[in-house]
Amino acid sequence: MNLPVLPTISTFFIVLSAVLVAIGWAFIKQRKIDAHKKTMIAAAISALIFFIIYASRTIFIGNTAFGGPANIKIYYTVFLIFHITLATTGAVFGLVTLYLGYKNNIQKHRKIGPITSVIWFFVAITGVAVYLLLYVFYTGGETTSVIKAIIGG
């Protein structure tokens with residue numbers, strides 16, 4: 001099996017971010033506030049690394065089309081839209097949750113934090129599923145960069 005390097009690395013970082021969120025959640029349940037803060041910052045950095053790799057790849061190399069059977073492409077597309085919507089929502093919730101924690105607005109941070117964590121776990125799970133469908137279970141389809149799509153070539 002010949003897995004693509006950048007998607008594999010970026011998927012690793014999104015999974016790492018979810019694992020770190022789970023560890024951070026365990027720390028706060030144990031009232032280890034400093035460890036919680038450091039772990040959640042590490043989770044945010046991991047998610048940011050994912051996003052930088054993903055966005056760079058999308059712009060310069062492109063996204064890979066679904067290469068599986070045509071009769072399930074619609075299901076993949078609906079699932080992908082769900083994942084993208086969830087990821088966008090999770091990113092916004094994550095930024096707000098980090099900001100509330102940074103500003104020491106603990107009451108609001110405690111309310112939104114568990115919701116953000118659950119959303120992020122689903123983002124990681126669906127992200128891995130997209131990766132598996134694109135690169136492991138099926139051979140990826142055509143890849144076209146945004147730049148090529150805009151300027152042609």
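## A first look at a five-helix model

Let's start with a helix pair: α1, covering residues 5-29, and α2, covering residues 33-61, have axes that come within 8 Å and cross at roughly 160°. Those two helices are therefore roughly antiparallel to each other, since an angle over 145 degrees is counted that way. Their crossing is left-handed. As for who takes part, the contact of α1 with α2 has 22 nonpolar residues, six polar ones and one charged one. Keep in mind that everything here comes from a predicted model.

### The whole chain

Stepping back, what does the secondary structure of the protein come to? It comes to five helices and two strands. If you walk along the sequence, you'll meet them in the pattern α-α-β-α-α-β-α.

The protein has 153 residues, and 31% of them count as buried. A box of roughly 50 × 30 × 25 Å, taken along the principal axes, holds the C-alpha atoms. About 9,800 Å² of the protein is exposed, with 72% of that supplied by carbon and sulfur atoms.

There's also a handy way to see how the chain comes back to itself. Take the contacts between residues at least 6 apart in sequence: 75% of these join residues at least 24 apart.

### Two more helix pairs

Now for α3 and α4. Helix α3 spans residues 73-102 and helix α4 spans residues 106-136; their axes come within 8 Å and cross at roughly 150°. The crossing of α3 and α4 is left-handed. In the contact of α3 with α4, you'll find 20 nonpolar residues, eleven polar ones and one charged one.

What about α1 and α4? These helices pack at an angle of about 155°, with 10 Å between their axes. That makes α1 roughly antiparallel to α4. The crossing of α1 and α4 is left-handed. On the α1 side, the residues that meet α4 include Pro-7, Ile-14, Val-21 and Trp-25, while the α4 side includes Pro-114, Val-118, Phe-121 and Tyr-135. By class, the contact of α1 with α4 has 15 nonpolar residues, four polar ones and no charged ones.

### Residues inside helices

Two helix residues are worth a stop. His-36 sits in helix α2. Is His-36 buried or exposed? At 10% relative accessibility, His-36 counts as buried, because the cut-off for that class is under 20%. Leaving aside neighbours within four places in sequence, His-36 is in contact with Gly-24, Trp-25, Phe-27, Ile-28 and His-109. Trp-25 turns up again here, as it is one of the α1 residues that meet α4.

Val-118 belongs to helix α4, and is among the residues there that meet α1. With a relative accessibility of 36%, Val-118 counts as partly exposed. Gly-90 is 28 residues away from Val-118 in sequence, and their C-alpha atoms are 8.9 Å apart in space.

### Residues in the loops

The loops have some points of interest too. Arg-31 lies in the loop between α1 and α2. Its phi is near 60°, which is a positive value in a residue other than glycine. Over in the loop between α3 and α4 you'll find Asn-104. Asn-104 isn't a glycine either, yet has a positive phi of about 60°.

Then there's Pro-69, placed in the loop between β1, residues 63-64, and α3. Ala-43 is 26 residues from Pro-69 along the chain, and the C-alpha atoms of the two are separated by 35 Å.

How do these loop residues fare for accessibility? Here they are side by side.

| Loop residue | Relative accessibility and class |
|---|---|
| Arg-31 | 68%, exposed |
| Asn-104 | 55%, exposed |
| Pro-69 | 33%, partly exposed |

Arg-31 and Asn-104 count as exposed because the cut-off for that class is over 50%. Pro-69, at 33%, is partly exposed because that class takes in values between the buried and exposed cut-offs.

Methods. Residues are numbered from 1 along each chain as its sequence is written. This is a predicted model: local features need pLDDT of at least 70, side-chain atom pairs count only at pLDDT 80 or more; totals for chains, interfaces and linings use all residues. Side-chain values use heavy atoms; hydrogens and water are left out. Axes are lines fitted to C-alpha atoms, for helices over the stretch in contact, and angles run from 0 to 180 degrees between N-to-C directions. Helices (H or I, at least four residues) and strands (E, at least two) are DSSP runs, numbered from the N terminus. Angles under 35 degrees count as roughly parallel, over 145 as roughly antiparallel, 65 to 115 as roughly perpendicular and the rest as oblique. A crossing is left-handed if the near helix is turned anticlockwise from the far one by less than a right angle, and right-handed if clockwise. Ala, Val, Leu, Ile, Met, Phe, Trp, Tyr, Cys and Pro count as nonpolar, Asp, Glu, Lys and Arg as charged, and the others, Gly among them, as polar. Buried means under 20% relative accessible area, exposed over 50%, partly exposed in between (1.4 Å probe, protein chains only). Contact means heavy atoms within 4.5 Å. Accessible areas come from the Shrake-Rupley method with a 1.4 Å probe; for residues, only the protein chains shown count as cover.
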